[in-house]
Amino acid sequence: MAEDKNIAKDKKISGYGSGDVKTVMSVEDVAKEAAELSRNKPTRKDLLELTGNDEFLNIESLTAGYGAMDILHSIDLVVGKGQSICLIGPNGAGKSTILHSIYGFTNIRSGKIVADGKDVTRLKPNQKLSSAGIAYILQDNSVFPDMTVTENLLMGGYLMPNPAKAKAKADELLSRYDRLAKRRNQPARVLSGGERRLLEISRALMMEPNVLLVDEPSIGLEPKYIDMVFEILHELQHDLGKTIIMVEQNAKKGLDFADFGYVLVAGEIAMAGKGNDLLEDPHVGRLFLGG
Amino acid sequence: MRTWQTNIATLVILVFFLVAPFLFPNNMSQLSDLMIFILIALAWDMLGGQMGYNSFGNVLFFGIGMYIVASSEVILGGFKLAEYTSAMGGNQGSFILTPSQYLIGFGVGIALASIINFFLGLLIGSQFLQMRGHYFAITTLAIGVAAAEVARSIPIIGAGSGMNFPQPPDGVPLFHILYYMGLALVVLFFIFLSWLYKTRFGFIMNAIRDDEDKAESMGLPTASIKSTAWAISAFVFAYAGALYGSAKNFIDPSEVAFPFTTIGVWMILMAIMGGMGTIWGPIIGAIVFQIFKELFWTYLFGWQRVALGLLIVIIVVFFPDGIMGAFNNWKKRRNLQNTAKAKT
Amino acid sequence: MNQILSNLELLKIAPLINLELLVNGLLVGSIFALIAYGMALVWGVMDIINVAQGAFVILGGYAAFYFINFASNLFPAASPIIWVILSIPIAAAAVALFSYLVFASVISRILNRDLFVSLLATFGIELVLQQLMNQVFTAEDRIIDSGLATISMFQYQVNIPGSRLLGAGLGIATAIVIVLIMRYSRFGQAIRATSQNARAAGIMGIDTNKIYALTFALNGAICGVAGSIVAFVFIIHPFQGVIYTLRSFAIVILAGLGNIAAVILAGLGLAIYENFAGFIFGPQLQNAFVFLIVPVVLLIRMYIMRRQRKYLE
């Protein structure tokens with residue numbers, strides 16, 4: 001393994017990482033590196049310090065999984081209002097499972113999730129969306145192909161009690177994104193990859209959530225759209241004050257975007273820190289950045 | 001994979017089947033049905049289990065084989081087919097075959113049936129096997145249903161009222177002949193499949209099941225392999241159909257020849273029950289199924305289809321891996337435990 | 001052959017026979033189309049082919065039959081047509097409830113499995129249901145007398161049974177109601193979303209399992225309506241469900257999934273085609289023509305797709 005190859009050899013972070021053949025690692029090496037990382041796990045105090053003691057969304061020793069199998073083991077996670085975090089980690093570490101747990105798709109064995117001072121641990125997805133202000137942006141191709149762009153947006157407001165209000169909200173979103181407005185009456189299947197992602201994001205805004213769970217925003221996108229997606233997310237965070245929890249396989253891009261990064265290994269938080277600090281950490285570099 | 005245990009088990013089962021007619025002389029018709037079931041379960045699994053082409057339409061060859069044998073017996077017995085079928089309403093007495101006529105008609109018929117259906121299978125398979133997945137299953141189902149309806153409208157084979165087989169002459173031990181002929185093909189087919197599944201041909205069949213696009217893009221001759229496999233199974237189905245029709249001694253177009261609601265589903269059920277994609281699965285499945293079926297029909301008559309329907313639902317919902325699947329899982333678990341023990 | 005030619009000749013000499021075949025085809029076809037639409041709905045939304053569709057229809061027929069028997073004994077003075085109309089919601093509710101139970105016990109367990117599994121499992125249900133009905137309701141043919149006369153036109157050259165007219169009318173009314181539900185109600189919106197992308201529908205806060213259960217129950221209600229229509233237009237017999245399953249199957253294949261207009265057109269078209277084929281080639285060949293058209297159409301579709309280097313999948 002190349003010991004001290006400069007991870008920042010490519011300062012401008014573009015759509016793709018800079019891994020080459022030499023960066024391919026065996027499973028054993030990944031496990032070894034990962035164990036190295038977990039040696040000084042962050043405590044709750046560390047996490048709170050990171051966010052400046054703001055705990056808008058707060059997960060406390062959460063154990064959860066699918067069926068009878070636990071995937072997450074006693075996870076802590078804190079994020080402040082209007083902040084963003086990015087979860088990185090090797091395949092199967094449980095990154096998406098955290099998002100699923102926050103949204104209510106998993107079996108939660110123990111621990112609790114608090115959003116805006118309210119315990120939301122046991123809420124179902126529809127309650128999360130309608131009363132806890134949490135929305136989920138699904139990875140890869142989640143539009144309704146035979147519905148028009150407008151209808152897709154209206155589906156995002158399916159839980160709104162008042163259809164007229166949903167219509168108004170859809171119009172507002174359309175006026176914000178001109179590219180969608182142009183295609184408002186076309187079925188979603190004819191949209192380009194970038195337009196689809198835009199529609200997926202705006203659809204999640206229909207219920208006016210405070211917290212956005214963003215699952216792999218760059219997956220399956222052409223490189224030129226990836227920057228666009230991150231720009232939009234940036235806007236949502238900094239202009240509209242949304243709190244963002246993101247899973248991103250392109251760790252460079254994700255850590256560059258987010259205020260904080262969490263490194264997940266085997267269902268536990270191995271490391272947490274400012275996005276930029278993690279980018280420069282040699283262990284993280286070897287494992288995820290192809291350094 | 002084959003250990004001395006399986007060799008001995010195979011031998012014991014073979015010896016049992018060889019002497020079964022002497023042990024159960026009163027159950028000859030059930031025993032010959034069992035041979036037929038093993039044949040069709042193996043032949044179905046060759047396509048469904050090994051190649052991933054789940055077909056409902058193999059009864060097409062089953063029925064055609066049956067009609068060919070019956071016709072061959074009539075014609076080689078020196079009668080005109082049209083006269084025979086039109087007279088069969090009442091007067092059977094004037095169509096008497098001698099034992100040698102009967103046996104020659106049967107032998108020639110079964111050979112013809114198998115060979116004709118082999119080529120018919122090639123021809124049909126080369127077209128319909130271009131479909132994939134659901135559409136293939138659905139199309140074959142429609143073919144099975146259509147075959148019965150078409151047969152229903154052809155007067156020379158008795159149309160809707162069906163066709164009798166010529167009466168087996170006295171002194172011909174029909175069920176013993178059917179049973180041993182069934183057993184003979186079971187043994188040959190089993191040996192053939194055990195060999196085939198280890199050859200390149202068998203591997204390509206598995207590759208088609210796992211990912212046909214990849215198999216094709218690797219340049220494997222998927223089209224010809226599919227048609228050939230389909231034709232081999234058509235051969236076996238026609239042979240089995242010939243035996244089945246002879247055992248029933250009467251062909252009804254939709255109940256006996258193209259029975260898409262009975263045999264057409266049973267063949268799949270037997271393969272699933274035993275374990276799809278294994279060589280022993282369909283055999284075990286056929287034996288277990290035949291036992292269940294006979295028990296239902298004997299002790300639950302009037303409710304037998306309720307019992308059978310429930311059995312189908314329970315098997316496909318709860319035991320999709322079948323008996324062999326459960327056995328293999330158990331073996332795997334035991335091995336894991338053993339290695340775990342060896343470590344400590 | 002001569003018979004066929006003379007039948008064709010007859011159609012030319014007496015053009016009104018064409019009209020009769022056409023009208024009867026349309027009437028019968030609208031009943032078949034209704035049943036097929038239910039099958040297409042379940043197939044499209046949750047990838048389940050319900051082979052027990054026909055048995056559900058027959059079950060609806062029995063529900064209607066026993067309700068009408070019961071009610072007309074209670075109020076012998078009332079006109080039978082009232083009971084016929086009233087039997088429709090009763091049968092719909094009964095079969096919808098039954099379907100829900102089938103969903104909860106069996107279908108919910110095979111939702112994410114291969115389509116092939118659903119064919120076998122629902123076939124098992126069909127077997128169970130057939131013989132259960134045979135035991136409970138006996139094998140006697142049942143028919144409801146709607147009390148409607150046959151309408152004859154053009155000096156008895158065109159005869160249309162009044163019950164068929166009523167049946168088709170009720171079938172069309174049901175179809176319209178369902179189209180409106182699918183198009184404008186929240187429930188319909190949720191069904192469409194779930195069928196197009198179940199995962200995304202879940203994210204939008206739709207309980208997809210509930211939608212699957214309700215869709216299956218809605219199909220049951222459709223079968224119930226169709227069953228009570230069948231009971232006064234044709235006859236009810238425990239083992240006769242297969243006819244309806246196979247017809248629906250043929251219609252759905254010809255029409256493709258998810259498009260109600262295509263299903264209705266295919267249903268009407270198939271019935272008209274079938275009536276003419278039956279008249280020209282003789283009734284014994286009518287069914288053969290129905291089922292042969294399925295592989296033929298699929299083959300043609302496959303050849304077209306092959307030329308575009310696509311597969312029928």
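**Chain contacts and local geometry**

Modeller: In this predicted model, 15 residues of chain A are in contact with 11 residues of chain C; two residues are in contact if their C-beta atoms, placed from the backbone, lie within 7 Å.

Biologist: Which helices of chain A each supply at least two residues of the side that touches chain C?

Modeller: Helix H4 (125–131) and helix H5 (149–156) of chain A do so. H4(A) gives the largest share, four residues. Helices are DSSP runs of H or I with at least four residues, strands are runs of E with at least two, and both are numbered from the N terminus.

Biologist: What makes a residue on this side of chain A nonpolar, polar or charged?

Modeller: Ala, Val, Leu, Ile, Met, Phe, Trp, Tyr, Cys and Pro count as nonpolar, Asp, Glu, Lys and Arg as charged, and the others, Gly among them, as polar. By that division, the side of chain A that touches chain C holds 10 nonpolar, four polar and one charged residue.

Modeller: Before going further, the conventions should be stated. Residues are numbered from 1 along each chain as its sequence is written, while chains are lettered from A and ligands numbered from 1 in the order in which they are written. As the model is predicted, local features need pLDDT of at least 70 and side-chain atom pairs count only at pLDDT 80 or more, whereas totals for chains, interfaces and linings use all residues.

Biologist: Which chains share the most contacts?

Modeller: Of the two pairs of chains in contact, chains B and C do. Their contact takes 35 residues from chain B and 35 residues from chain C. On the side of chain B, helix H6 (133–151), helix H11 (263–274) and helix H13 (304–318) each supply at least two residues, and H6(B) gives the largest share, 12 residues. That side has 21 nonpolar, 10 polar and four charged residues.

Biologist: How do you know that chain A and chain B do not touch?

Modeller: Their nearest C-alpha atoms are 17 Å apart.

Biologist: Why is B:Asn249 called partly exposed?

Modeller: A residue is buried if 20 or more other C-beta atoms lie within 10 Å of its own, exposed if 12 or fewer, and partly exposed in between. B:Asn249 has 14, and is therefore partly exposed. B:Asn249 lies in the loop between helix H9 (222–248) and strand S2 (250–251) of chain B, and has a positive phi of about 65° although it is not a glycine.

Biologist: What makes C:Asp47 partly exposed?

Modeller: C:Asp47 has 18 other C-beta atoms within 10 Å, and therefore falls between the two cut-offs. The loop between helix H2 (15–46) and helix H3 (53–74) of chain C contains C:Asp47, whose phi is positive, near 60°.

Biologist: How do you know that chain C agrees with a compact globule?

Modeller: The globule rule is 2.2 Å times the number of residues to the power 0.38, and the radius of gyration is taken over C-alpha atoms. For 313 residues a compact globule would have a value near 20 Å; chain C has 20 Å and therefore agrees. Chain C comes to 12 helices and two strands, and buried residues make up 51% of its 313 residues.

Biologist: What makes S1(A) and S2(A) paired strands?

Modeller: Two strands pair if DSSP finds at least two bridges between them. Seven bridges join S1(A) to strand S2 (residues 69–79) of chain A, therefore they pair, and they run antiparallel. In S2(A), A:Leu72 is the bridge partner of A:Ala64.
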